[in-house]
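Student: I've got a structure open on my screen and I'm not sure how to read it. Can we go through some features together?

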Amino acid sequence: MADSSSSLPPLSEKISYKSYFLRAVDLTILGLLLSLLLHRAVHMSQNDTVWVVAFLCESCFSFIWLLITCIKWCPAEHKPFPDRLDERIHDLPSVDMFVTTADPVREPPILVVNTVLSLLAVNYPANKLACYVSDDGCSSLTYFSLKEAYKFAKIWVPFCKKYNVKVRAPFRYFLNPLGSSEDSEFSREWEMTKREYEKFIQRVEDASGDSYWLDADDDFEAFSNVKPNDHSTIVKVISENKRGVGDEKEVPHIVYISREKRPNYLHHYKAGAMNFLVRVSGLMTNAPYMLNVDCDMYANEADVVRQAMCVFLEGSMNQDHCAFVQFPQDFYDSNAGELVVLQTYLVRGIAGIQGPIYAGSGCFHTRRVMYGLSPNDLEDNISLSSFATRKFLAEESLARVFGNSKEMVTSVVDALQRKSNPQNSLTNSLEVAKAVGHCNYEYQTSWGKTIGWLYDSTSEDVNTSIGIHSRGWTSSYLLPEPPAFLGCMPPGGPEAMLQQRRWATGLLEVLFNKQSQSLNSFIVSCLLIAYSTTLPYFPR
């Protein structure tokens, strides 16, 4: 609950980076390009085909430069003040954290569990967090690795919080040797924690080489005789923080899920997995905010959740608060200079208009917004208007929009009305959670059409964020130091080319679908198409 006293310092503020000098430079370049085009056009009849080709190429470049100039006109970002959070907020809101993986070969379980461990150890009350891992590959090895990760987390999380460890992904933290100046108690715990991590890694590697013994465990019966594209829904509670009070030794909830897949059904790739995550988390914990990260993007800043909450809770005092908070994608295995330019100039420029686009990872979402709410549906005190109450809370309408699960409808009503989630046992929701993962559950509902992650494009992140912005919401861009999330750079060669083609195709789909009816959406889509086909690497 927030203290609304206006005399207190703000939790976050928007910083503008307007530069009249850079504006003059951009306009000068644009003027020179237009002068060149005019010269080409005037002398077109006096030259051959090469002149015409040059005119077309320069016209394309001039158009892109015009878009860049428009976007860079008023760059901005938000600056949070997490140190002010405790004095302003008496009861921090809950956050559901989503990690997605699809292939245990291309995305090794060691990478996945390190991301999970970094999220479990963030500086936030453990009883306010839940980590859901979506495994579209339905891998018993991934599930086994998560079970082992929970055992190690009971050592790793208290260690990180006791000594305020900066890097909370163990595979990165233990790269640096122990300093000679450290005290004896810390040295002993550091050595013990490292030994336990090495044992944990060895157990996962042993299971990778000899997985036959996993089949002997009854807990792995659901993974027998399954294929990645042909299996039933699997939902398993790996750990449950029962009656947690936010103690530093506690570990947040960990839930493994794998939605049902059948060869003759569309599964909508990552967007479908994200919508299943939303439904399962809504049934189990129903946190008002959700964090989405790729399995190879670990939390590099321990206060990342608190930073995002600064923006959400500061904005909750007015009707036009942001729908999502996006952090940049940075990489620990590459300088990624092209991405620095993209995020420092262009993304910051888009953030100065209506807010940044959702980049697919490192983003905090508001559950009510993902359920289709718009700013016009809210009163000044952020509660539902009388019209929105009739529109959203009619039981028949909710069943038609969100599916025929009564428990799902109840959780949606609670989320829309901002009711706190009762701390029931997660295992009580296992059967209904499996039901909302069936292939035909979304049939004749609004999932992927107007609510949740949208299905009209393979670039579901851009498509979804444009849909949110078109309803009138804004978003915020945070660029902290050190970076909030760090990941590994996509490999080069054919795989990078395939990824760029997928992005370009998805963005073309966004450009021509119904979400891109506004001028802002059109400009953003055109610019991203240009950059996705020219950058040697582009984030997923």
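Tutor: Sure, let's begin with two helices: H4 passes helix H5 (residues 140-163) in a right-handed crossing. Keep in mind that this is a predicted model.

Student: At what angle do H4 and H5 pack, and how far apart are their axes?

Tutor: Here's the general idea: two packed helices are described by the angle between their axes and the distance between the axes. In this case H4 and H5 pack at an angle of about 35°, with axes 9 Å apart. From H4, the contact uses Pro109, Val113, Val116, Leu117 and Leu120. H5 brings in Leu141, Thr142, Ser145, Leu146, Ala149, Phe152, Ala153, Trp156 and Val157.

Student: How many residues of that contact are nonpolar, polar or charged?

Tutor: The contact of H4 with H5 has 12 nonpolar residues, 2 polar and no charged. As for the spacing along a helix, there are 3.6 residues a turn, so residues three or four places apart point the same way.

Student: What does H4 lie across, besides packing on H5?

Tutor: Helix H4 (residues 109-120) lies across strands S8 and S13, and runs at about 25° to S8.

Student: Then let's do sheets. In what order do the strands come in the sheet with S8 and S13?

Tutor: Strands of a sheet pair through backbone hydrogen bonds, either parallel or antiparallel. Here 3 strands form an open sheet in the order S8-S13-S10, with mixed pairing. At the edges sit S8 (297-299) and S10 (330-331), each pairing on one side only. S8 and S13 (residues 485-487) pair in the antiparallel sense over 3 bridges. Look for Tyr298: its bridge partner in S13 is Leu486.

Student: Strand S7 caught my eye too. Is S7 enclosed or open to the outside?

Tutor: "Buried" here means under 20% relative accessible area. For S7 (residues 289-294), 6 of the 6 residues are buried, so the strand is largely enclosed by the rest of the structure. Both of its faces are covered: Tyr289, Leu291 and Val293 are buried on one side, and Met290, Asn292 and Asp294 on the other.

Student: Which strands does S7 pair with?

Tutor: S3 (residues 95-101) pairs with S7 in the parallel sense over 6 bridges, while S11 (residues 363-366) pairs with S7 in the antiparallel sense over 4 bridges. Met290 is a handy landmark: it is the bridge partner of Asp96, and it also stands opposite His365 in S11.

Student: How do I check a helix's length, say for H2?

Tutor: Compare its end-to-end span with what 1.5 Å a residue predicts. The 23 residues of H2 (residues 49-71) should span 33 Å, and the end C-alpha atoms are 34 Å apart, which agrees. Try H8 (residues 269-284) as well: it has 16 residues and reaches 23 Å from first C-alpha to last, close to the expected 22 Å.

Student: Is H8 enclosed or exposed?

Tutor: 14 of the 16 residues of H8 are buried, so this helix is largely enclosed by the rest of the structure. For a single buried residue, take Ser134 in strand S4 (residues 129-135). Ser134 is buried, with a relative accessible area of 1%. Leaving aside neighbours within four places in sequence, Ser134 is in contact with Val99, Thr100, Thr101, Ile257, Ala273 and Leu277.

Student: Now backbone angles. Where should I look for a positive phi?

Tutor: Most residues other than glycine have a negative phi, and most peptide bonds are trans. Just after H8, Asn286 takes a positive phi of about 55°. His268 has a phi near 60° and lies in the loop between strand S6 (253-258) and H8; at 28% relative accessibility, it counts as partly exposed. Asn225 has a phi near 55° and sits in the loop between helix H7 (184-209) and strand S5 (234-239). Asn225 is exposed, with a relative accessible area of 81%.

Student: And where is there a cis peptide bond?

Tutor: The bond from Glu481 to Pro482 is cis, with omega near 5°. You'll find Pro482 in the loop between strand S12 (475-477) and S13.

Key:
Residues are numbered from 1 along each chain as its sequence is written. This is a predicted model: local features need pLDDT of at least 70, side-chain atom pairs count only at pLDDT 80 or more; totals for chains, interfaces and linings use all residues. Side-chain values use heavy atoms; hydrogens and water are left out. The expected span of a helix is 1.5 Å times one less than its number of residues. Buried means under 20% relative accessible area, exposed over 50%, partly exposed in between (1.4 Å probe, protein chains only). Two strands pair if DSSP finds at least two bridges between them. Contact means heavy atoms within 4.5 Å. Axes are lines fitted to C-alpha atoms, for helices over the stretch in contact, and angles run from 0 to 180 degrees between N-to-C directions. A crossing is left-handed if the near helix is turned anticlockwise from the far one by less than a right angle, and right-handed if clockwise. Ala, Val, Leu, Ile, Met, Phe, Trp, Tyr, Cys and Pro count as nonpolar, Asp, Glu, Lys and Arg as charged, and the others, Gly among them, as polar.
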